[in-house]
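Me: I would like a close look at the cysteines of this model and at what surrounds them, set out in one connected account. Please take the reasoning step by step.

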Amino acid sequence: MWKFFLFVLFWSTTLFAQGLCGTIDSDGEGFTQQKHQEKTSGLSLIGDASKLWPQDERVLHVRFVGIRNTILEQQIQKVVENSWEKCCGINFIFDNDKDAQITVKITYSEGYSSSIGTDSKLSKPSMRLSFYRYDKKSKKAILKKGVLKKINGEKVIRYDSYFYRKVVHEFGHAMGFKHEQQSPNLNIDWDEEKVIKYYKDTNSWDENKTRRNVLKKLEDATIRRVYGNIDENSGTFDGVNRQPFQSETVEIMNVTTAFDPHSVMCYEIHFPLAKNPNKHLLGVLNGKYQQDLEDNYISTGIRNAFHKQKLAIDEEASILESDDAFYIITNIGDVRYTLIYNSESEDFDIYPWWGDRYTLSTVDRYFANRLYPYSRESDNNRFIEREVERAFDEILSRAPNNDEQKKFGKYMGKYGLLEMRYSVSEKATTLLKKKYRSYHGSEANDEFIENSRQLLVEGEMDQIVKRLSTTMHLRSRDQIAFDKSLNVEGVKNIHIGDNFQAFAGEKMYFTAGRRIVLKSGFRAEVGSNVVVKIYK
């Protein structure tokens, strides 16, 4: 049996529309002008050069104040060790030193915030984590539900939880990184009145705080994502994808970053708050299927509603619910969608789910490592080994063998993380050509292969899936390798014809979300079993 992309899914626990980070920035002015040496393959996580920790201050002591909870403090330490410390040369020492550079207040009703980088030394506390709530009945502070979960007999902050994200996000600020949604390259024309009202209603923010954390663009970022040759005088690039990773180094100053929707430093992007939300709309789930959502478990109801409208949805998708939205989650390329109720049309609008990630993106890890490289060779080697394994898993869906681990580890040590990922993606060329031919019945052009490899560098498999899975053209049997049984599903449209045949004794099942077209060239012999079906 032959099957197209199967989305393997993960479960994410608690979703909040509130409790966003309110960073503390002493000057409020974003970036200072700076120079940064980088190869032409540069990517950037938004960071403030004036507030990065200097070379002689990469060991950062952390002190806890406020509500003391030994288990919680130990778990916060583990979260930091398993995220930022695994990709860069900052060493956090959780020793409660009275002169610690970072002071974390565990509290309630004070939100989540952190000073930026070296500004942490100016504020005591420099970070606030409201992991508690105040119980009026007992007049005591109580740990919020879901902060610590018991797994295998140990209380932990779960890797896929909202609270895990808050720790990673706030310590990112403490390292000198700002909010990714304020990147000048996030091309959304916000309806400012809607945005200000939304954050006032959900977070009790005044207009100034919303403008500072969401609407204000940080204009003087460091490096722009570049595939092509940079013009050193203008800071522009030719946009040609011939040589995305080159070995020469150029000096880049005041070139803005590309927006990274996967960054842990990015708020959730609420597309309905844009002036033209339809520009970002992926589809609409008709409101007449509301009864399905009320009568069934969340996952069953969503699937029934999708099927009735002939919209494709993976049968094993994780589906979550918050107050005003549903979330559909996969982990291939981190594909995520959000369904938001539209009170005017009474339908559910389907948008990409950008931001609000629980852990570090490729760009987060890359840029943190470039700004804070390891001082010890052993740490660098472990980082390289992990990244090679991650690249093979995300790009090729397999582990590297010993020879590949050595080869690509050596390559990364010489040229960097992104160059290594691009080199691994070259090994996916055969796979990409095969998948293209399976869907289209013709050979992939060079532009498709090159663009796909660049998407794979950043783990964006979802973009490749979208480009391939709209319409499938079955022109001949040699497109697909199968033995007696063929099952094609997961696409919107299937066109079958030209020289495609079904022989006696063979079983073929074709399932599409919108249309199946049997062209004049299609032939089915007596004794074959061919079933075509549109999602119900």
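Reply: In this predicted model, Cys87 is buried, its relative accessible area being 1%. Cys88 likewise counts as buried, at 1% relative accessibility. For Cys87 the closest cysteine sulfur is that of Cys88, and because the two sulfurs are 4.7 Å apart they are too far from each other for a bond. The cut-off that matters here is 2.5 Å between the sulfur atoms. Seen from the other side, Cys88 has the sulfur of Cys87 as its nearest cysteine sulfur, at 4.7 Å, and is in no disulfide. A search over the whole structure agrees with this, since it finds zero disulfides.

From the cysteines one can turn to the nonpolar interior. The largest nonpolar core has 63 residues, and the members that touch the most others are Ile76, Trp84, Phe92, Phe131 and Phe171. At least three residues of this core come from domain 1 (50-177), and at least three from domain 2 (366-468). Apart from that core lies another, of 24 residues, which includes Leu186, Phe259, Cys266 and Ala274. Phe171 can be followed further: when neighbours within four places in sequence are left aside, Phe171 is in contact with Val62, Ile76, Val80, Trp84, Phe92, Phe94, Val104 and Met127.

One of those contacts, Val104, leads to the strands. Val104 is the residue of β4 that serves as bridge partner of Phe64, and the strands β2 (residues 59-66) and β4 run parallel, joined by five bridges. Strand β4 also pairs with strand β6 (residues 127-135), again in the parallel sense, over four bridges, and in β6 the bridge partner of Tyr108 is Tyr132. Five of the seven residues of β4 (residues 102-108) are buried, so this strand is largely enclosed by the rest of the structure.

The charged side chains complete the picture. Side chains of opposite charge can pair when their charged atoms come close. The structure holds 20 salt bridges, and Lys105, Glu110 and Arg128 are linked in a network of such bridges.

A salt bridge also joins the side chains of Arg211 and Glu192, with 2.8 Å from N to O. Because Arg211 lies in helix α4 (residues 207-215) and Glu192 in helix α3 (residues 192-203), this pair ties together parts that are 19 residues apart in sequence. Arg211 is partly exposed, with a relative accessible area of 29%, and Glu192 also counts as partly exposed, at 36% relative accessibility.

Asp379 takes part in two of the pairings described here, one with Arg376, where the closest N and O atoms are 2.9 Å apart, and one with Arg382, where the N to O distance is 2.5 Å. Arg382 and Asp379 both belong to helix α8 (residues 377-396), in which they are three residues apart, about one turn of the helix. As for exposure, Asp379 counts as buried at 15% relative accessibility, whereas Arg376 counts as exposed at 52% and Arg382 as partly exposed at 42%.

To return to the part you asked about, Cys87 is a buried residue whose sulfur lies 4.7 Å from that of Cys88, too far for a bond.

Definitions and conventions. Residues numbered from 1 in each chain as written. Predicted model: local features only at pLDDT ≥ 70, side-chain atom pairs only at ≥ 80, totals over all residues. Heavy atoms only, no water. Buried < 20%, exposed > 50% of the residue type's maximum accessible area, 1.4 Å probe, protein only. Helix = DSSP H or I, 4+ residues; strand = E, 2+ residues; numbered from the N terminus. Pairing = 2+ DSSP bridges. Core = buried A, V, L, I, M, F, W, Y, C linked by side-chain atoms within 4.5 Å. Domains from an automatic or database assignment. Contact = heavy atoms within 4.5 Å. Salt bridge = Lys/Arg side-chain N within 4 Å of Asp/Glu carboxyl O.
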